[in-house]
Amino acid sequence: MTDRGAGLGALCVLAASLLWGTTGTAASLAPAVGSLAVGAAAMGVGGLLQALVAGSHLRRDRALLRARWPVVLVGAVAVAVYPLAFYTSMRLAGVAVGTVVSIGSAPLASALIERVADGRRLSPRWVVGAGLGLAGTVLLCVARAAGGADATAPRPVAGTVLGLLAGLTYALYSWTAHRLMAGGLSSRAAMGSTFGLGGLLLMPVLVATGGPFLEAGRNLAVGAYLAVVPMFAGYLLFGWGLARVPASAATTLSLFEPAVAAMLAVLVVGERLPGVGWFGVGLVGVCLAVLTVPVRHRRRAGTAAPVVEPESRPEPVG
């Protein structure tokens, strides 16, 4: 994988994280809609749209998909569990705690999965970047909690456990999608199959809890936005990124999401962010710079050209 390809992959993941960071602000415009309904609508409908636009790729790669159906199934279950755990975690533990546990634990879970399943060693650069990003996310969310965002958290322990489950499932479906692409599937086929099946699994939840979406035009508009923009478009970008960078790098770059969410809360919703919160945003920015700025390749003795040491092999992109 070239530096250019890895850089493009990182930019795709950052763009996806930018879109995901708008979900909290958008959901705040429909307070009558519950967390399960929000998660099922966003990821469920967004996943079905992924499968719809990937139709030709799914038909072309159907033999590969049949051969790798256990990986697709694991990824689909993770896709279905993630939004339910994530949004319920924020409801039970508060937005700050739910966010930091869910998003902050994902890079660590992803690295563990890659270590166990693929034997991948963690680079010092990843360790430094992930440490900075996690520290920044913790400071950011502590600052938001200090502002009273978590004062009404009814069940923080249960919410924290669900946050860990959300981080694990996020890491798991990122890894399965990357694994499918490494096995020869295009990014659209890998994402369309995983998210399409996951979307189907979420439809019963949406039917059971989604009534408030139909009670007001604003609620319906919020649901449509969440499904089409951050989930459908965001995960298209995420899939393109996963074809070029390892899952552990992608989940670490996703730490950009809570920083975006915090800045939108200040600029749009009118929340105040203390100085420690802005310091946390800065640490996330340094994390992103560490992981995305190209590194000068070393030269081996006796060679005239720089040696490129890719973190992952190139995979076909849809």
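**A helical chain and its largest cavity**

Hi everyone. Read from one end of the sequence to the other, our chain goes α-α-α-α-α-α-α-α-α-α-α-α-α-α. That is 14 helices and 0 strands. Please keep in mind that this is a predicted model.

Let me start with the whole chain. There are 318 residues, and 50% of them are buried. The accessible surface is about 13,900 Å², with carbon and sulfur atoms accounting for 69% of that area. Now look at who touches whom. If we take contacts between residues at least 6 apart in sequence, 89% of these join residues at least 24 apart.

Here is one pair to find on your screen. L236 sits in helix α11, which covers residues 217-242. Is L236 buried or exposed? Its relative accessible area is 16%, and the cut-off for buried is under 20%, so L236 counts as buried. Now look for C12. Along the chain, C12 and L236 are 224 residues apart, yet 8.9 Å separates their C-alpha atoms.

Next, the inside. The largest nonpolar core has 66 residues, and the members that touch the most others are M43, Y82, Y173, Y235 and F238. Which helix gives this core its largest share? That is helix α6, residues 69-93, with 9 residues.

Let's zoom in on Y82. Leaving out residues up to four places away in sequence, Y82 touches M43, I103, A166, T169, Y170, Y173 and Y235. Three of those names, M43, Y173 and Y235, also appear among the core members with the most contacts to other members.

Now for the empty spaces. Rolling a probe the size of a water molecule over the atoms shows where space has been left empty. How many cavities of 30 Å³ or more does the count give? There are 2, and the largest has a volume of about 100 Å³.

What lines this largest cavity? The residues are W20, T23, M43, Y82, P83, F86, Y87, I103, Y170, M231, Y235 and E257. Two elements, α6 and α11, each give two or more residues to that lining. Helix α6 gives the most, with 4 residues. Sorted by type, the lining has 10 nonpolar residues, 1 polar and 1 charged.

So here is something to take back to your screen. Find Y82 first: this residue is one of those lining the largest cavity, and its contacts include M43, I103, Y170 and Y235. Those four contacts are on the lining list as well. Thanks for listening!

Conventions
Residues numbered from 1 in each chain as written. Predicted model: local features only at pLDDT ≥ 70, side-chain atom pairs only at ≥ 80, totals over all residues. Heavy atoms only, no water. Core = buried A, V, L, I, M, F, W, Y, C linked by side-chain atoms within 4.5 Å. Buried < 20%, exposed > 50% of the residue type's maximum accessible area, 1.4 Å probe, protein only. Contact = heavy atoms within 4.5 Å. Areas by Shrake-Rupley, 256 points an atom, 1.4 Å probe, with all protein chains shown as cover. 1 Å grid on protein atoms, 1.4 Å probe; cavity = no way out; pocket = protein on both sides within 12 Å on 5 of 7 lines; lining within 4 Å. Points joined across faces, edges and corners; volume = space filled by probe spheres on them. Nonpolar A, V, L, I, M, F, W, Y, C, P; charged D, E, K, R; others polar.
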